[in-house]
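I opened this model to work out how its sheets and helices fit together. My notes follow in the order I looked things up.

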Amino acid sequence: MKDVAERANVSVSTVSYVLNDSGPVAQDRRNRVLDAIRLLDYSPNESARSLKRRSASTIAMVVPDLTNQFFAMVTEGVQRAASAVNVLVVLVVPDAIELPEENYARLLRSQRVDGVIYLSGTGSMPESIYDLAKSGPVVLVDEQIPGRDLPAIVCDSRRGAREVATHVLNHGHRRIAVIGGPPALWTAQQRLAGYREAIAGAGIDPDSVPVHAGDYRQESGRAAAEQILAGPAAERPTALLCANDLMAIGAIDCLRSSGLTVPDDMSVVGFDDLPISALLTPRLTSVRQPAHDMGYRAANVLFDLLEGNDVDTSDTLPAVVKIRDSVGPPRG
């Protein structure tokens, strides 16, 4: 800025006024400053500028992996919000870089990020990440973590799960199995609670419904389906409630490999409503979460916190059942 001021024959404060549009500058002086900026190829130091205006120049997005398209869409929402205000997003994917949690927390500290958006893949948060909240805000997305008083942007998973399970029950299914997510995850707990509420509402003992824990990956859905099919054919469920689309896809693949068809032999539903779900054969009935909006809102909450504004994240985003072709009445 000093070099620009000397070239334009103005004060440093005048250069600051022009750069930040924060004060009156005569047009001839403004033109001289803009010419000097072009001649010197000057680029403002965003980190220094952010310290003065108490806003962000760099934020971090921690996401379990990007092979799950839902996580990728949340991340895109964060990026879209950040791009609108010229903020850089440092993406940390622990599974991809195979770094222990303490190591990537150290990496984030070294990058001097202004805040963190954290999407948990374990249902917990390492102390090293929580410590970052002492120097900058941390916003959770798609999860609430017990014992951590942090703002969280979440979807009404419980209601969505209850409604999609009711849709299955309304087709006459009474032998049902659940392929759930990791038991420690808040989302998995909410979805299971929603399934159980619908099942109880249909006069079925929820404890009689088997629950097979998966990890939200496709292979775990296939493994759970294999375990289900290993039981006596007469006792097999006629419908599977899968806690995300990837596990539903894995389960359908297993059913097909076993010579069974969906929904004639077994109905299947998912959760998240990934773009691929409407392209499957049969098209997958699922629960749509507004993934992009969740990421976008989480980023804007983070920016509000950095500006010192109060935030309210008590409202949950809606989950909407998308009825397609993978549910039908049970045989017989």
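**Entry 1: two helices near the start**

Before anything else, a note to self on terms: a helix axis here is a line fitted to the C-alpha atoms over the stretch in contact, and angles run from 0 to 180 degrees between N-to-C directions. The model is a predicted one, so I read it as such.

I began with helix 2 (residues 12-20) and helix 3 (residues 27-40), whose axes come within 10 Å and cross at roughly 85 degrees. Angles of 65 to 115 degrees count as roughly perpendicular, so helix 2 is roughly perpendicular to helix 3. From helix 2, the contact uses T14, V15, V18 and L19. Helix 3 brings R29, R30, V33, L34 and I37. Sorted by class, I get 6 nonpolar, 1 polar and 2 charged residues in this contact.

**Entry 2: the five-stranded sheet**

Next I looked at the sheet with 5 strands. In what order do the strands of this open sheet run? The order is 2-1-3-4-5, and the pairing is parallel. Strand 2 (88-92) and strand 5 (152-153) are the edge strands, each pairing on one side only.

I then went through the neighbours of strand 1 (residues 58-62). Strand 1 is joined to strand 2 by 5 bridges, and the two run parallel. On that side, A60 has V90 of strand 2 as its bridge partner. Toward strand 3 (residues 115-118), I found 4 bridges from strand 1, again with a parallel run. There I59 is partnered with G115 of strand 3.

I also traced the connection from strand 1 to strand 2: with helix 5 (residues 69-84), they make a right-handed β-α-β unit.

Helix 13 (residues 291-306) turned up against this sheet as well. It lies across strand 1, strand 3, strand 4 (138-141) and strand 5. Its direction is at about 165 degrees to strand 4.

**Entry 3: the four-stranded sheet**

There is also an open sheet of 4 strands, with the order 7-6-8-9 and parallel pairing. Why do strand 7 and strand 9 (267-269) each have one side without a neighbour in the sheet? They stand at the edges with a single partner strand each, so one side of each is left without a neighbour. From one strand to the next, the twist averages 15 degrees.

Strand 6 (residues 176-180) got a closer look. Is it mostly covered or exposed? It is mostly covered, with 5 of its 5 residues buried. I176, V178 and G180 point one way, while A177 and I179 point the other way, and all are buried. As a reminder, side chains in a regular strand alternate between the two faces of the sheet.

Pairings of strand 6, as I noted them:

- Strand 6 and strand 8 (residues 239-242) run parallel and are joined by 4 bridges.
- I176 stands opposite A239 of strand 8.
- Strand 6 and strand 7 (residues 211-213) run parallel, with 3 bridges between them.
- I179 has H212 of strand 7 as its bridge partner.

Getting from strand 6 to strand 7, the chain passes through helix 10 (residues 186-201), and this β-α-β crossover is right-handed. Further along the sheet, 3 bridges join strand 8 to strand 9, which run parallel. In that pair, L240 stands opposite V268.

Two helices lie across this sheet. Helix 9 (residues 157-170) lies across strand 6, strand 8 and strand 9, at about 175 degrees to strand 8. Helix 11 (residues 218-229) lies across strand 6, strand 7 and strand 8, at about 150 degrees to strand 6.

**Entry 4: two residues I checked by hand**

L241 sits in strand 8. Buried means under 20% relative accessible area, so L241 counts as buried at 1%. Which residues does L241 touch, leaving out those up to four places away in sequence? I listed A165, V168, I176, A177, V178, I179, Y195 and V269. I also checked L241 against G115: they are 126 residues apart in sequence and 37 Å apart in space, C-alpha to C-alpha.

H167 is in helix 9. H167 is buried too, with a relative accessible area of 14%. Setting aside residues up to four places away in sequence, H167 touches T285, I323 and V327.

Technical notes:
Residues are numbered from 1 along each chain as its sequence is written. This is a predicted model: local features need pLDDT of at least 70, side-chain atom pairs count only at pLDDT 80 or more; totals for chains, interfaces and linings use all residues. Side-chain values use heavy atoms; hydrogens and water are left out. Two strands pair if DSSP finds at least two bridges between them. Contact means heavy atoms within 4.5 Å. Angles under 35 degrees count as roughly parallel, over 145 as roughly antiparallel, 65 to 115 as roughly perpendicular and the rest as oblique. Ala, Val, Leu, Ile, Met, Phe, Trp, Tyr, Cys and Pro count as nonpolar, Asp, Glu, Lys and Arg as charged, and the others, Gly among them, as polar. Buried means under 20% relative accessible area, exposed over 50%, partly exposed in between (1.4 Å probe, protein chains only). A crossover is right-handed if, with the strands pointing away from the viewer, the path from the first strand over the helix to the second runs clockwise.
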